[in-house]
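Visitor: Before we turn to particular features, may I see the sequence and the structure together? I should then like to go through them question by question.

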Amino acid sequence: MPDIRHRRRRSIPALAALAAATVAAPVLLAATPASARPHEGRLAKELVEEVTARGAYRHLEKFQQIADANGGNRAAGTPGHAASAAYVHDTLKKAGYEVSYQDFDIYQAHTKTEKTTVLGDQPRELATAAFTFTKSTPAGGLAAPLALARVDETPGCTADDYPAGAFTGKIALVKRGACTFVEKQKAAAAAGALGVIVYNHSGTTPVRGGFPSPAEGVIPSAGITLADGEALTAAAAKGEVKVRLELDQEHVKKTTRNVIAETRGGRADRVVTVGSHLDSVPEGPGINDNGSGSAGLLEVALKLAEEGANKKGKGKQPANKVRFAWWSAEELGLLGSEHYVAQLSEKQKKDIALYLNFDMIASPNPAQFVYDGDDSDKTGAGAGPAGSAQIEALINGFLDTKGKPHEGSDFDGRSDYGPFIENGIPAGGTFTGAEGIKTAEQAKRYGGTAGAAYDPNYHGAGDNLKNLDLKAFDTNLDVIAHAVGTYAQDLSSIGK
């Protein structure tokens with residue numbers, strides 16, 4: 001999941017112990033009405049029974065081994081990702097799927113210098129993270145006074161957050177939140193700012209942001225910590241604060257690939273598409289983000305094949321074609337899924353009945369989030385395209401029957417459902433949380449630690465086999481199996 005922002009392997013016998021240590025409290029939100037729960041067909045029931053965390057864990061082990069052998073990560077455009085894609089491709093090929101690679105170009109950023117210095121009688125350096133695909137500063141850095149963007153519900157997101165004339169020739173200081181880093185940067189640049197520094201809204205680390213491509217990095221941009229941002233804000237409110245921003249970043253063009261696999265049978269004009277991103281960030285192996293979703297999809301696909309999805313014969317193949325996708329370059333801004341959707345014809349888009357997305361489904365301090373297809377929570381971006389509400393109801397209804405607590409999550413554009421929603425394709429799915437903080441109420445509902453991140457190892461080296469909640473993983477594997485099994489046979493609940 002993008003921020004738009006050699007490890008020991010855990011043995012299989014450790015699964016039971018870890019699961020037992022992470023039992024969630026059996027408290028439910030309001031139950032989904034029985035009328036919103038589609039009947040569980042034979043295929044869905046059998047997939048739920050056959051897909052297990054034990055089975056999917058072997059894929060997580062493989063992803064960890066690949067990362068360990070390739071510099072500790074599986075980032076897009078690296079040997080680690082290429083090996084991960086080959087593993088998924090070859091495994092599905094043996095299972096009888098029609099499998100293909102989809103290559104596309106990306107850029108990678110190599111940062112040589114990232115420094116912010118507060119100038120004055122006693123200059124001091126601040127912990128700084130250059131934004132991915134930022135424009136570099138001139139040699140020697142960019143020295144200028146700070147100008148403060150307005151802090152409101154959408155800090156630094158719109159033109160009125162930058163008073164006319166106040167930012168010309170200065171460096172904008174902007175608080176993180178509410179909109180993309182591209183939007184903040186463009187608004188600051190339009191106001192005349194020479195550069196932009198974004199400070200965090202939580203935690204103790206600098207903001208690690210970025211842009212989808214070098215072309216969108218129009219002014220030098222970097223992130224600092226919440227504490228440093230608040231200290232600069234307080235100082236600038238009393239008088240001029242001058243800083244030097246030094247950024248030197250090289251952008252290298254590379255090729256990466258999506259992996260697409262689909263059943264040999266099923267109606268090609270009623271395609272059930274299921275996706276997870278396969279790439280990690282460069283900082284770690286990405287076992288939760290998103291080895292977990294990738295492993296879950298792979299195991300469901302293998303069990304679907306065992307049910308006869310790729311075999312000839314009456315009653316063996318699903319009624320609707322099922323297409324599984326492992327996206328690359330999600331961590332660079334959903335580039336793999338965007339490339340895939342962009343190259344579809346209008347007819348091919350219409351042939352996709354729905355899209356299911358699974359990104360981070362084994363967070364070590366989890367909550368159970370279900371994408372809010374009907375906008376019943378009344379937050380953020382609003383409802384998904386027609387059919388999204390029914391997908392949410394299917395997932396909620398299944399979790400209710402299993403006695404699993406859950407709650408809604410906004411379609412905030414941070415994962416690969418984004419390009420599908422933008423093209424009117426209904427979407428849904430689950431995840432268990434990223435860098436957000438678990439509330440006391442959520443800790444009572446799910447167990448775990450209040451006041452801590454859902455995944456304290458998010459985008460870090462600690463996102464490895466040691467730091468997973470396998471009980472949450474198992475729950476979400478069942479969700480994937482149930483949804484795939486249901487929609488492979490019957491799309492009537494979404495009006496198709």
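Visitor: Is Asp 375 buried or exposed?
Guide: The model is predicted, so local features need pLDDT of at least 70 and side-chain atom pairs count only at pLDDT 80 or more, whereas totals for chains, interfaces and linings use all residues. Residues are numbered from 1 along each chain as its sequence is written, and side-chain values use heavy atoms, with hydrogens and water left out. Buried means under 20% relative accessible area, exposed over 50% and partly exposed in between (1.4 Å probe, protein chains only). At a relative accessibility of 14%, Asp 375 is therefore buried.

Visitor: Which phi does Asp 375 have, although it is not a glycine?
Guide: Most residues other than glycine have a negative phi. Asp 375 lies in the loop between strand S12 (369-371) and helix H10 (388-401); helices (H or I, at least four residues) and strands (E, at least two) are DSSP runs numbered from the N terminus. The phi of Asp 375 is positive, at about 60°.

Visitor: Where does Phe 133, with its positive phi, lie?
Guide: Phe 133 is not a glycine, yet its phi is about 70°. With a relative accessible area of 1%, Phe 133 is buried. Its place is the loop between strand S3 (129-130) and S4.

Visitor: Which residues does a cis peptide bond join?
Guide: Most peptide bonds are trans. Here the bond in question has an omega of about 0°, and one partner lies in helix H7 (residues 287-306). The two residues are Asp 289 and Asn 290.

Visitor: How far apart along the chain are Arg 257 and Asp 103?
Guide: Arg 257 and Asp 103 form a salt bridge with closest N and O atoms 2.9 Å apart; the term requires a side-chain nitrogen of Lys or Arg within 4 Å of a carboxyl oxygen of Asp or Glu. The pair links distant parts of the chain, strand S8 (residues 242-262) and strand S1 (residues 98-118). Arg 257, at 28% relative accessible area, is partly exposed, as is Asp 103 at 41%. Their separation in sequence is 154 residues.

Visitor: How many salt bridges does the whole structure hold?
Guide: One of them joins Glu 46 to Arg 42, with N to O at 2.8 Å. Both of these residues lie in helix H2 (residues 42-50), 4 residues apart, about one turn of the helix. The search of the whole structure gives a total of 20.

Visitor: Which helix gives the largest share of the largest nonpolar core?
Guide: A nonpolar core is a set of buried Ala, Val, Leu, Ile, Met, Phe, Trp, Tyr and Cys residues joined through side-chain atoms within 4.5 Å. The largest one has 60 residues, and Leu 92, Phe 324, Trp 326, Phe 473 and Tyr 487 have the most contacts inside it. The largest share, 10 residues, comes from helix H13 (residues 470-489).

Visitor: What arc do the buried residues of H6 cover?
Guide: Those residues are Leu 226, Asp 228, Gly 229, Leu 232 and Ala 236. On the other side of H6, Ala 227, Ala 237 and Lys 238 are exposed. The arc is taken from the directions from the helix axis to the C-beta atoms. The buried residues of H6, Leu 226, Asp 228, Gly 229, Leu 232 and Ala 236, lie on the same side because their arc is only 160°.
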